[in-house]
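Visitor: I'd like a close look at one part here, chain A, and at how it meets its neighbour. Could you walk me through it?

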Amino acid sequence: MQFTLAELAIKFGCELKGNPETEVSSIATLSSALAGDISFFANKKYKQQLIDTNATAVILREADLENCSVAALICENPYATYARIAQLIYPIKSAVGVHSSAVVNVDLPKSVSVGANAVIELGAQLGENVSIGANCFVGENTHIGAGSILDANVTIRHDVLIGEDCYFHPGVVIGSDGFGQAPDVDGYVKIPQVGRVVIGNAVEIGANTTVDRGTLDDTIIEDGVKLDNLIQVAHNVHIGAHTVIAATVGISGSTKIGKRCLIGGRAGFVGHIEICDDVIINSSTVVTSNITEKGHYGGTGGFPHQAAKDWTRNVAQFRRINNLAKRVKELEKK
Amino acid sequence: MQFTLAELAIKFGCELKGNPETEVSSIATLSSALAGDISFFANKKYKQQLIDTNATAVILREADLENCSVAALICENPYATYARIAQLIYPIKSAVGVHSSAVVNVDLPKSVSVGANAVIELGAQLGENVSIGANCFVGENTHIGAGSILDANVTIRHDVLIGEDCYFHPGVVIGSDGFGQAPDVDGYVKIPQVGRVVIGNAVEIGANTTVDRGTLDDTIIEDGVKLDNLIQVAHNVHIGAHTVIAATVGISGSTKIGKRCLIGGRAGFVGHIEICDDVIINSSTVVTSNITEKGHYGGTGGFPHQAAKDWTRNVAQFRRINNLAKRVKELEKK
Amino acid sequence: MQFTLAELAIKFGCELKGNPETEVSSIATLSSALAGDISFFANKKYKQQLIDTNATAVILREADLENCSVAALICENPYATYARIAQLIYPIKSAVGVHSSAVVNVDLPKSVSVGANAVIELGAQLGENVSIGANCFVGENTHIGAGSILDANVTIRHDVLIGEDCYFHPGVVIGSDGFGQAPDVDGYVKIPQVGRVVIGNAVEIGANTTVDRGTLDDTIIEDGVKLDNLIQVAHNVHIGAHTVIAATVGISGSTKIGKRCLIGGRAGFVGHIEICDDVIINSSTVVTSNITEKGHYGGTGGFPHQAAKDWTRNVAQFRRINNLAKRVKELEKK
């Protein structure tokens, strides 16, 4: 879609430098932008690209205006403003109306759209403007708040509560049973998982990520949480508001992660621990106990690759490190 | 559903303390239970909760009866008995009948249910009371034993054998091709995977877990195996009866895991190795060679997180540990 | 299907030893082969199996003919030739025609097949002989080249370009949004992902693997790349031709992997790094920086399991290794 710089400046509270009638209709990086594109500048290391850009306009901070020879939208947080303008230029396309092949067992608001071959079970409640993609499944008594979007092929099982303005990518599974097995003499007995999953507003969940329902109490994901692809959220996990978790992370049962945390890819959390607010975890770190002070934590993931030959030798020594430490102690005594 | 304590005591072989006519209709933890709830006590650390509980009845061992002031069902294994009672109170709801939108290319027993938009291909054989969820796919010549349940959106490819009373969660894929690629001068040639997947009775498989078919011989999962979410089971893997595997584990091709093993989350197994029966593997451990003695094994996953600054310094030293060991040896000579 | 040895020898350029009229109709390992089976010999350690085999014919190198008492197809690369012959004997079965339950919003070549309940959106373009499995979703303006196959339950979102002769397994998601979130005072703002995914010819992608679309530029997977199951390919990743990646690998955003690389299972790549051509990465290795020389690299994955007790002690020492190194330095000064 196409907008004048004046429209954008007013809508997003920016100061405008340049012709208010100038129009932009697409986004691009500073270096690849052409006429009609709007770009943004937020990182000093791209200063030369700002100077050289062919973008029609750039979103930037006031202090950087001196290096910009094209039109500019001036604001405090150019990256976030860029994200909002991009959302406006590229609105999410969703299904329109309820496709005739969808199987819908409830009454829906007129503003709801349901894609081909989607299935919505009895007792489900969908808010205004909810969009359900093709081949999705929405289980019994599940509630989905206004404006939330399920892309194609999402599975939400029964008795799940989802807030407003959420976005779930293809292959997401919400409300699968937690992994509860009681050992008995002749194997394991499945423990029914009767808790729910309760998800706040503005939560985004990436492709093929799984969120298990709680055993008795609920699994909880608070407002504004962003989960990347292929993440495992086990039963009774609680993720605090505005925490961001990168791909392939695994979170074991009953672990509580605080608000505004940043969790790197491939990190793992053992169960029944509590991570406080504002914690940053390096990618691949294994979190094995409570974290009670905000800060930046690393772990296994920090081993960088090295030549396989050197690695093998170091590992062999590592397996004897306890012995090495004793020998050093012995030497120190002498 | 609602049951009297007498009904439960008789059905599960418990001794009953209290009024046999008392009814329970839901389950809860000791601390959150209210009137009408049945709870259980199996872990001494919750003793005070047992003393204080408002549950209508508690499942416990005889030795713990003295701390229980409400009705009790007395048995040897309260946790397993609780699981069985919970299954009775919360029966699995499944589709009823064959939905008109399902595409079914075979004759089915009358007791089978098939959800909306599910697809069942030619030659598939389904046992009594099998339940196929919405949007599932069952491939040609696949057999599914009596009482097994596919939740929504499960994909079982052709020529897979599944036993009785299994439960597969949404997004599960069974029978995908093993990863076989023959290198040639101009790239790789796909090796057809013509083995099957053979799955025993009472197997549970978690959301978005994948089980590849064998290359020539079969991939085998024995009775009572429980797999959590997002697990990879490669071609020709063999998992022994009653082994339990937590989420995001990866098992490489042709690896054989014994019976009654417990595998922690995020563990990995290289290919073509054999793990004996009754092995416990720590979460995140990388298993790189055969394990021939039962016991408890750890590995990479044991590095606990620490302040990122300390971690970085330790890693830097680790990269020189082989040199450090040599220097200690040198010192010892003097 | 059944073929004479003469047909196979001519089709695949092999020299034939034995009766040209002899027929084979199935494949098997040397040790399990029976009459009618063709097998192959490529690894000296199975020499005794070659001597003893009951296969009707064996594919092998000329030098190994002396140990073969049955018919033989002689060629340079028996493993690749075996793969090609196996493809001929076991052709991929795909849907025939367009199932009446499929929702197809475009014109298709007559040679295209579409399974039950699949959905193909406006603007999609499918080449000759493309096969779309049951319950698949193909988004708007996505192009799929001739001969490519989507197994059941694959999701390809809008504006994805896929080459010829590709194979995508169940649960694959292509074109999901990259994980782009701009921090702002009250949480994160989603950054629209407007790039595409561009996939070359002869690419195979395993079950439940996810490939995100680019933010502005495209995510690129070149010809002949083979991805196993449950792999995460983030936005703007570029994977070079004929690179093979094992299961559960995670590749962070904007990372470029060269041609003909071999990546072991569970490996991880941080973002914005570049791996040159012809690199081998051990399984579970964490790649944290550019690799500019071809070769073999290891990392975290190399820690073999050990008794949990020994592991715990070694880990405890590792956490003090920086201190240990200082103490050795102190001793050396004396």
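Visitor: Which domains is chain A divided into?

Guide: Bear in mind that this is a predicted model: local features need pLDDT of at least 70, side-chain atom pairs count only at pLDDT 80 or more, and totals for chains, interfaces and linings use all residues. Residues are numbered from 1 along each chain as its sequence is written, chains are lettered from A and ligands numbered from 1 in the order in which they are written, and side-chain values use heavy atoms, with hydrogens and water left out.

On to chain A. It splits into domain 1 (3-89), domain 2 (103-302) and domain 3 (309-334); those bounds come from an automatic or database domain assignment. Taken over C-alpha atoms, the centres of domain 1 and domain 2 of chain A lie 35 Å apart.

Now for the neighbour. 64 residues of chain A are in contact (heavy atoms within 4.5 Å) with 74 residues of chain C. Between them, chain A and chain C bury about 5,600 Å², that being the accessible area (1.4 Å probe) that two parts lose on being put together, summed over both. Carbon and sulfur atoms account for 62% of that area.

There's polar chemistry across the boundary as well. Three salt bridges turn up between chain A and chain C, where a salt bridge is a side-chain nitrogen of Lys or Arg within 4 Å of a carboxyl oxygen of Asp or Glu. A:E204 pairs with C:K190 in a salt bridge, at 2.7 Å from N to O. On top of that, you'll find 20 residue pairs in polar contact between chain A and chain C, both residues at pLDDT 80 or more. A polar contact is a pair of N or O atoms within 3.5 Å; within protein, one must be able to donate a hydrogen and the other to accept it, and residues adjacent in sequence count only if both atoms are side-chain atoms.

Which elements of chain A make up this face? Those giving two or more residues are α3 (78-89), β26 (226-227), β29 (244-245), β38 (306-307), α4 (308-318) and α5 (321-333); helices (H or I, at least four residues) and strands (E, at least two) are DSSP runs, numbered from the N terminus. The largest share, eight residues, comes from α5(A). By class, the side of chain A that touches chain C has 33 nonpolar, 21 polar and 10 charged residues, with Ala, Val, Leu, Ile, Met, Phe, Trp, Tyr, Cys and Pro counted as nonpolar, Asp, Glu, Lys and Arg as charged, and the others, Gly among them, as polar.

Inside chain A, there's a salt bridge to look at too: A:E222 and A:K259 meet at 2.8 Å, N to O. This pair links distant parts of the chain, 37 residues apart: A:E222 sits in the loop between β25 (219-221) and β26, and A:K259 in the loop between β31 (256-257) and β32 (262-263). Over all chains, the structure holds 30 salt bridges.

How do the copies relate? A turn of 120 degrees, with a shift of 0.0 Å along the axis, lays chain A on chain C at an RMSD of 0.1 Å, fitted by least squares on the C-alpha atoms of residues with pLDDT of at least 70 in both. Chain C goes onto chain B by a rotation of 120 degrees and 0.0 Å of shift, RMSD 0.1 Å, so those two copies are related as by a three-fold rotation axis.

Chain C and chain B also bury about 5,600 Å² between them, with three salt bridges. One salt bridge there joins B:K190 to C:E204, with the closest N and O atoms 2.7 Å apart.
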